[in-house]
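Welcome to the tour! Open your viewer, get ready to select residues by number, and follow along stop by stop.

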Amino acid sequence: MQRTRSRRGALRVLAGAAATALLVSGCSLLDGGADGADGRSGASDAGSSSDGGSGSGGSGDASPALAELGTSHAQDLPSDPAEDSAYADFYDQDAVWEGCGQDVLDEAAVQGLQCSTVKVPKAWDDPSAGDVEIALVRLPATGEAKGSLLTNPGGPGGSGVDFLAQSADYLFSQKVRENYDLISFDPRGVSRSEGIECLDDSQTDEYRADTYDGGTPEGLQKSLDWMQKISDACEKDSGDLLPYLDTYSAARDMDVLRSAVGDDSLNYLGFSYGTYLGATYADLYPDRVGRFVLDGVMDPSLTGDQIVEGQAKGFQQATEQFAKFCIARDDCPLTGSTPEEATKELTALLDSISDDPISTKDPDRPLTGALATAGVQMMMYSDEYWSLGVQALSDASDGDGSTLLALADLSAGRQDDGSYKGNDLYAINAVNCLDHPGVASLDWQKQESARLLKEYPAAGMTDYSQAMCDTWPVKPLRAPAEVHAKGSDQIVVIGTTRDPATPYAWAKSLDSQLDNSTLITFDGDGHTAYGRSGGCVEDAVDAYLVDGTSPQKGLTC
């Protein structure tokens with residue numbers, strides 16, 4: 001999912017697994033709130049969110065009109081492709097597993113990975129119009145497999161291939177590994193699956209470091225200029241694929257993957273944006289839902305503006321929680337006596353870095369305000385990062401920005417040699433601008449931006465979502481709407497009470513929408529729960545995945 005650019009610049013958090021056993025499910029800030037952003041559910045329903053974000057907020061009670069929608073090539077089809085002979089070439093495929101290439105093996109923290117490719121229709125409404133090759137990775141079951149478990153790490157834009165290669169060994173229990181072939185994939189337009197190409201590495205460095213006040217006319221124009229530059233570059237190199245990168249298309253691709261690995265139903269574990277992808281699949285194919293787990297939920301009924309506000313509130317809360325942790329330590333550089341005072345002090349530190357960047361171990365890359373903000377926001381994805389965050393802030397207070405820069409680079413997938421792993425920084429725009437139409441009124445967006453900066457100053461978010469996506473070569477294709485998956489088998493929904501990126505209220509909302517679901521609550525900090533809860537969530541999910549045992553009703557971990 002995608003948020004907005006802060007007044008100190010752009011934050012982007014890598015979708016996928018970070019190197020320290022943290023699921024960093026992708027979020028990227030793009031000056032104007034690019035999670036699509038918008039206004040009202042279905043273009044008319046003001047839809048107040050359960051986390052307090054109504055979308056219109058302080059900008060008025062009316063429901064502003066959304067941007068004009070285009071037509072998805074995958075949302076509405078006249079037949080079930082799995083039963084339509086026109087799609088036989090796709091559904092008759094069998095995944096052929098071979099040894100993985102060195103690029104995958106270099107990422108691997110586990111032995112025995114196998115790789116394959118499967119073709120899917122580029123345009124789902126015209127299977128004769130060409131195809132897209134999807135990259136898959138598999139870790140075979142250690143016992144007799146009862147089927148495959150497909151995973152998605154989030155984003156949009158996260159590489160599932162890298163995710164499984166990096167995380168399978170620590171994330172999944174021996175019980176799950178014994179019973180399932182673990183599989184993941186790069187969705188269309190991402191990394192190895194004909195990943196779109198936009199800015200080069202040096203341009204990406206410039207983009208990430210650029211710092212300006214998004215709440216001013218000059219800052220807004222700078223944002224628009226960057227988005228136009230990105231849009232032009234993406235269209236030049238990958239324009240023929242851009243109209244086909246919406247989540248409806250990716251969800252239909254997963255049904256081909258299900259068929260290609262020989263499963264009658266889809267067993268699935270999705271994180272963050274992966275929950276949006278999974279919920280979309282369940283709504284399209286409820287009768288093919290197998291064991292389904294959605295962790296760190298995106299609420300498909302929310303408008304883009306409600307999404308941005310929910311995240312602004314979430315990151316404000318997360319920053320205050322971190323500040324509380326910090327001031328309880330002797331080595332905390334923040335001197336405030338309360339979390340609120342310390343949070344304001346942290347905000348002031350970031351503002352000072354914006355005004356006067358500090359040096360790092362790389363003389364050619366000072367820590368700018370935008371990069372400092374990215375490093376701080378990276379800490380909020382897991383309390384396991386908080387001790388390192390205290391050290392990073394101490395160093396920055398002493399004039400050394402190296403640790404914060406390293407956190408910022410981790411969030412963006414920047415390698416030591418200056419190259420970027422994958423293309424999530426741009427794939428996220430390509431998907432979100434199609435999935436989330438925004439309020440068409442720029443004046444409304446300006447008011448909303450000012451309100452968010454005032455109410456959630458530590459989050460530092462603005463919301464110019466549709467202004468950003470107006471530069472995109474393709475119109476938005478999907479209106480916010482509830483997902484019911486009527487007739488599906490049980491779906492397990494997981495929410496973390498102080499999740500900054502996908503607030504707990506969204507998990508409760510999706511649980512109420514789905515026809516057949518149960519909610520697990522993790523009372524904790526950070527993004528997502530499975531693999532981070534200390535055993536409670538993991539035990540309940542594993543019992544469901546392996547034995548079909550429903551989690552205890554109202555389970556809180």
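With which side chain does the side chain of Glu 68 make a polar contact? Keep in mind as you look that this is a predicted model.

**Stop 1: Glu 68 and its partner**

Select Glu 68, which sits in the loop between β5 (27-30) and α1 (88-91). Now add Lys 475: its side chain is the partner, in a polar contact of 3.3 Å with the side chain of Glu 68. In sequence the two residues are 407 places apart, yet in space their C-alpha atoms are 7.3 Å apart. Show Pro 476 as well, since Glu 68 is in contact with Lys 475 and Pro 476 once neighbours within four places in sequence are left aside. Is Glu 68 buried or exposed? Its relative accessibility is 56%, and exposed means over 50%, so Glu 68 counts as exposed.

**Stop 2: The nonpolar cores**

Next, select Phe 172, Phe 292 and Trp 472. These have the most contacts inside the largest nonpolar core, a set of 116 residues. Zoom in on Phe 172 and leave aside its neighbours within four places in sequence: among the residues it contacts are Leu 149, Leu 164, Leu 269 and Tyr 530. A second, separate core has 39 residues, and you can find it by selecting Ala 318, Leu 349, Leu 350 and Leu 404, which are included in it. There is a general pattern to remember here: in soluble globular proteins, nonpolar side chains tend to be buried together.

**Stop 3: Two helices crossing**

Show residues 339-355 (helix α10) and 369-379 (helix α11) as a cartoon. Their axes come within 7 Å and cross at roughly 150°. Angles over 145 degrees count as roughly antiparallel, and α10 and α11 therefore have that arrangement. To see where they touch, pick Leu 346, Leu 350, Ile 353 and Ser 354 on α10, then Gly 369, Ala 372, Thr 373 and Val 376 on α11. Which kinds of residue make up this contact? Five are nonpolar, three are polar and none is charged.

**Stop 4: Helix α13**

Finally, select residues 402-412, helix α13. This helix is mostly covered, with nine of its eleven residues buried; Thr 403, Leu 404 and Leu 405 are among them. Stay with Thr 403 and add Asp 395: a polar contact of 3.0 Å joins their side chains. Beyond residues up to four places away in sequence, Thr 403 touches Leu 388, Ala 392 and Asp 395. Just past the end of α13, click on Gly 413, which takes a positive phi of about 75°.

Terms used. Residues numbered from 1 in each chain as written. Predicted model: local features only at pLDDT ≥ 70, side-chain atom pairs only at ≥ 80, totals over all residues. Heavy atoms only, no water. Core = buried A, V, L, I, M, F, W, Y, C linked by side-chain atoms within 4.5 Å. Buried < 20%, exposed > 50% of the residue type's maximum accessible area, 1.4 Å probe, protein only. Contact = heavy atoms within 4.5 Å. Helix = DSSP H or I, 4+ residues; strand = E, 2+ residues; numbered from the N terminus. Polar contact = N/O pair within 3.5 Å; in protein donor to acceptor, adjacent residues only side chain to side chain. Axes fitted to C-alpha atoms, helices over the stretch in contact; angles between N-to-C directions. Parallel < 35°, antiparallel > 145°, perpendicular 65-115°, else oblique. Nonpolar A, V, L, I, M, F, W, Y, C, P; charged D, E, K, R; others polar.
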